[in-house]
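Hi,

Here is the structure I promised to pass on. Have a look first, and my notes follow below.

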Amino acid sequence: MSDFQPVSGFDLPRFAGIPTFMRLPHVPLDDPRLAQVQVGLIGAPWDGGTTNRPGPRHGPRQLRDASTMIRAQHGITGLRPFETVNCADLGDVGPNPADLQDTLARMTAFYARVRQAGVIPLTAGGDHLCTLPILRALARDRPLGMIHFDSHTDLFHSYFNGQMYTHGTPFRRAVEEGLLDPRRVCMIGIRGTAYDSEDRDFARSVGIRVIPIEEFHARGVTDVMTEARAIAGTGDTYVSYDIDFVDPAFAPGTGTPEVGGPTSWQALECARGLSGTRIVGADLVEVSPPFDPSGGTAFLGASLMFEMLCAIVTGMS
Ligand code: MN
Ligand code: MN
């Protein structure tokens with residue numbers, strides 16, 4: 001068995017020790033062991049793109065703590081991902097909370113190093129603007145497909161009289177910059193009151209498939225995920241999972257909740273339904289600890305990260 005095994009709760013109780021993601025070894029980018037890592041769990045503690053209620057800058061630390069509850073074996077499939085693929089906690093991207101553009105540049109540089117090392121990044125946000133600099137590093141040489149779970153399209157042009165970089169605009173920028181192939185993008189769970197239809201009109205104009213919540217509930221997870229995998233196709237695909245996809249009854253700890261969403265069970269099923277996709281990176285964003293006093297949102301977030309990790313590993317073996 002590899003050196004990249006999580007600490008077992010049989011050996012050290014899960015409340016003890018320094019809480020890395022899923023109790024994996026901490027391998028910073030300058031550690032020579034990075035060459036052996038295949039999937040890297042990364043914290044992006046930054047919420048400088050937040051337009052309303054802040055807090056996701058505290059997400060990675062709480063997700064690491066909650067992820068000590070994750071055991072080594074999947075409860076349904078029996079997969080033991082850490083025995084198949086070398087996984088490690090690569091630490092946090094250091095943001096500049098006083099400078100949005102500098103933070104974007106720092107994040108892209110960090111993920112460029114991760115990519116150069118051949119590591120698939122699984123990121124804990126941070127707000128949804130964090131996905132843009134990740135895509136700038138991962139899609140530098142060709143556009144990616146994307147499966148995106150969210151209440152919101154995050155496709156708006158700008159906020160506040162021309163601010164182009166917020167957590168409501170990352171995928172508009174990503175399409176404009178050629179980081180995403182819009183015909184290979186599927187957005188699932190979109191709902192709630194709207195400012196207007198500008199984002200949906202843009203999606204339609206470039207060929208992004210939006211599956212709104214009423215269609216999701218009518219069709220069910222299996223059917224929707226079959227379509228999502230077909231849209232992403234066989235090419236390189238990114239997965240972006242906004243925790244506000246889940247109904248706030250199950251995930252209240254987020255800045256922009258929308259009612260009428262999936263249960264925690266459906267949320268996990270969706271992530272499991274990613275298996276078969278060629279995933280080159282994934283994230284779980286918008287967990288906001290100040291709005292999560294029970295810690296339940298973070299625990300669901302950590303559980304979704306484990307499901308996505310299992311989907312990544314399944315695609316690699
Ligand atoms: Mn979002
Ligand atoms: Mn959202």
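A definition to start with: two strands count as paired if DSSP finds at least two bridges between them. Helices (H or I, at least four residues) and strands (E, at least two) are DSSP runs, numbered from the N terminus. Keep in mind that this is a predicted model, in which local features need pLDDT of at least 70, side-chain atom pairs count only at pLDDT 80 or more, and totals for chains, interfaces and linings use all residues. As for conventions, residues are numbered from 1 along each chain as its sequence is written, chains are lettered from A and ligands numbered from 1 in the order in which they are written, and side-chain values use heavy atoms, with hydrogens and water left out.

**The strands**

By that rule, β4 and β7 are a parallel pair with five bridges, and Phe149 sits opposite Tyr241 of β7. β7 also pairs in the parallel sense with strand β8 (residues 279–285), this time over six bridges. There, Asp242 stands opposite Val285 in β8. Together, β7, α9 and β8 form a right-handed β-α-β unit. Right-handed here means that, with the strands pointing away from the viewer, the path from the first strand over the helix to the second runs clockwise.

How many of the residues of β7 are buried? Six of its six, so to speak of it as mostly covered is fair. My cut-offs are under 20% relative accessible area for buried, over 50% for exposed, and partly exposed in between (1.4 Å probe, protein chains only). In a regular strand the side chains alternate between the two faces of the sheet. In β7, Thr237, Val239 and Tyr241 point one way, while Tyr238, Ser240 and Asp242 point the other way.

**The metal site**

Asp242 turns up again at the manganese ion (ligand 2), which is coordinated by Asp150 (OD), His152 (ND1), Asp242 (OD) and, listed twice, Asp244 (OD), at 2.0 to 2.5 Å. Donors are N, O and S atoms within 2.8 Å of the metal (3.2 Å for Na, K and Ca), and water is not among the atoms, so sites may look incomplete. The donor residues follow the spacing D-x1-H-x89-D-x1-D in sequence. Asp150 also bridges to a second metal: the manganese ion (ligand 2) and the manganese ion (ligand 1) lie 3.2 Å apart. Since Asp150 is in the loop between β4 (144–149) and α5 (170–176), and Asp244 in the loop between β7 (237–242) and α9 (264–272), the pair ties together parts that are 94 residues apart in sequence. Asp150 is buried at a relative accessible area of 0%, and Asp244 is buried at 3%.

**Salt bridges**

I get 22 salt bridges in the structure, counting a side-chain nitrogen of Lys or Arg within 4 Å of a carboxyl oxygen of Asp or Glu. Three to look at:

- Arg115 and Asp141 have their closest N and O atoms 2.9 Å apart. This pair links distant parts of the chain, with Arg115 in helix α3 (residues 100–116) and Asp141 in the loop between α4 and β4, 26 residues apart. Arg115 is partly exposed at 24% relative accessibility, whereas Asp141 is exposed at 52%.
- Glu198 and Arg172 meet at 2.9 Å, N to O. Glu198 belongs to helix α6 (residues 198–206) and Arg172 to helix α5, so the bridge ties together parts that are 26 residues apart in sequence. Glu198 is partly exposed, at 29%, and Arg172 is buried, at 10%.
- Arg278 and Asp236 come to 2.4 Å between their closest N and O atoms. Arg278 lies in the loop between α9 and β8 and Asp236 in the loop between α8 (221–232) and β7, so this pair ties together parts 42 residues apart in sequence. Shared partners join Arg115, Asp141, Arg142, Asp236 and Arg278 into one network of salt bridges.

**Around α4 and Leu179**

Seven of the eight residues of helix α4 (residues 131–138) are buried, so the helix is largely enclosed by the rest of the structure. Among them are Leu132 and Leu135. Both of these touch Leu179, whose contacts (heavy atoms within 4.5 Å), leaving aside neighbours within four places in sequence, also include Arg142, Pro143 and Leu144. Leu179 is in the loop between α5 and β5 (180–190) and is buried at 6% relative accessibility.

Cheers
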